[in-house]
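Q: Please take a close look at one part of this structure. Then set that part in its surroundings, one step at a time.

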Amino acid sequence: MKTIYFIRHGKSSWENNLSDVDRPLNNRGITDAKHIGQKLLEKEIKFDAIYSSIANRAKSTAAIVVSQLGIDTKQILLSDKLYNFDSYKIVSFIREIPDDQKNVLIFGHNPAFTALINAYGSVQFDNLPTCGVVAIEFDIKNWQSLNNGITRFYLLPKLLGYNK
């Protein structure tokens, strides 16, 4: 069994005239990431690897969440392959994950994440909101065999009572 925890980056700021990859989190994005990190901590999950898109908003979300989990932010592995909005390219990335990594946390972007969790999970989402988490468990021995899995849980800031 292998599990991926997909986390869409937190709400980002559009205030400055920055390129897409450089956009930072706004205050709500920072707050949501802290809350999501605290909720994940309660689940006592041991992650074998943590991957993030190179985009500033994804890296920042990853750093905040991982800090809440008590994990050194140096554990975050950045990949330009995750700075992508195409679910097929994300699937290619997943199929390259080393097989000894069973519980993997990935920070990335929509529309790729919504398409991926709908294609591979057992719960459908109209849209994975910012800082939303979806955990999908796969009955596979290696990532190359990625196929349909079961959505084990999801955490959405609004459903947790944040962002009212």
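A: Contact here means heavy atoms within 4.5 Å. Keep in mind that this is a predicted model. The part to look at is helix H4, together with the loops on either side.

Start with how enclosed the helix is. H4 runs over residues 112-120. Of its 9 residues, 7 are buried, so H4 is largely enclosed by the rest of the structure. Buried means under 20% relative accessible area. The buried residues of H4 are Ala112, Phe113, Thr114, Leu116, Ile117, Asn118 and Tyr120. What do they pack against? Their partners are strand S1, helix H3, strand S4 and strand S5.

Now take the helix partner. H3 spans residues 87-95. The axes of H3 and H4 come within 8 Å of each other. They cross at roughly 70 degrees. Angles of 65 to 115 degrees count as roughly perpendicular, and H3 and H4 therefore fall in that class. The crossing is right-handed. On the H3 side, the contact uses Ser87, Ile90, Val91, Ile94 and Arg95. On the H4 side, it uses Ala112, Phe113, Ala115, Leu116 and Tyr120. A reminder helps in reading such lists: an α-helix has 3.6 residues a turn, so residues three or four places apart point the same way. By class, the contact between H3 and H4 has 8 nonpolar residues, 1 polar and 1 charged.

Next, the core that H4 helps to build. The largest nonpolar core has 26 residues. Which of them touch the most other members? They are Ile94, Ile106 and Trp143. Several elements give two or more residues to this core: strands S1 (2-8), S2 (49-53), S4 (103-108) and S5 (133-138), plus helices H3 and H4. H4 provides the largest share, 5 residues.

Ile94 ties several of these threads together. It is one of the H3 residues that meet H4. Beyond its neighbours within four places in sequence, Ile94 contacts Ile4, Phe6, Ile106, Leu116, Trp143 and Leu146. Leu116 is on the H4 side of the helix contact, and it is also one of the buried residues of H4. A second core lies apart from the first. That other core has 22 residues, including Ile36, Ile45, Ile64 and Cys131.

Now look at the lead-in to the helix. Pro111 sits in the loop between S4 and H4. The peptide bond joining Asn110 and Pro111 is cis, with omega of about 5 degrees.

The exit loop has its own details. Thr130 is found in the loop between H4 and S5. Its relative accessible area is 9%, so it is buried. Which residues does Thr130 touch, leaving out those up to four places away in sequence? They are Arg8, His9, Gly10, Lys11, Arg28 and Pro157.

Cys131 is in the loop between H4 and S5 as well. Its phi is near 65 degrees, a positive value in a residue other than glycine. Cys131 has 0% relative accessibility and therefore counts as buried. It is also among the members of the 22-residue core.

Glu44 gives a useful contrast. It lies in the loop between H1 and S2. Its phi is positive too, about 50 degrees, although it is not a glycine. Is Glu44 buried or exposed? At 66% relative accessibility, Glu44 counts as exposed.

Finally, a second helix pair to set beside the first. H1 (residues 27-42) and H2 (residues 56-68) pack with their axes 8 Å apart, at an angle of about 35 degrees. H1 passes H2 in a right-handed crossing. From H1, the contact takes Ile30, Ala33, Lys34, Gly37, Gln38, Leu40 and Leu41. From H2, it takes Thr61, Ile64, Val65 and Gln68. By class, that contact has 6 nonpolar, 4 polar and 1 charged residues. Ile64, from this contact, is one of the members of the 22-residue core.

In short, H4 is largely enclosed, with 7 of its 9 residues buried. It meets H3 at roughly 70 degrees, and it gives the largest share of the 26-residue core.

Technical notes. Residues are numbered from 1 along each chain as its sequence is written. This is a predicted model: local features need pLDDT of at least 70, side-chain atom pairs count only at pLDDT 80 or more; totals for chains, interfaces and linings use all residues. Side-chain values use heavy atoms; hydrogens and water are left out. Axes are lines fitted to C-alpha atoms, for helices over the stretch in contact, and angles run from 0 to 180 degrees between N-to-C directions. Helices (H or I, at least four residues) and strands (E, at least two) are DSSP runs, numbered from the N terminus. Angles under 35 degrees count as roughly parallel, over 145 as roughly antiparallel, 65 to 115 as roughly perpendicular and the rest as oblique. A crossing is left-handed if the near helix is turned anticlockwise from the far one by less than a right angle, and right-handed if clockwise. Ala, Val, Leu, Ile, Met, Phe, Trp, Tyr, Cys and Pro count as nonpolar, Asp, Glu, Lys and Arg as charged, and the others, Gly among them, as polar. A nonpolar core is a set of buried Ala, Val, Leu, Ile, Met, Phe, Trp, Tyr and Cys residues joined through side-chain atoms within 4.5 Å. Buried means under 20% relative accessible area, exposed over 50%, partly exposed in between (1.4 Å probe, protein chains only).
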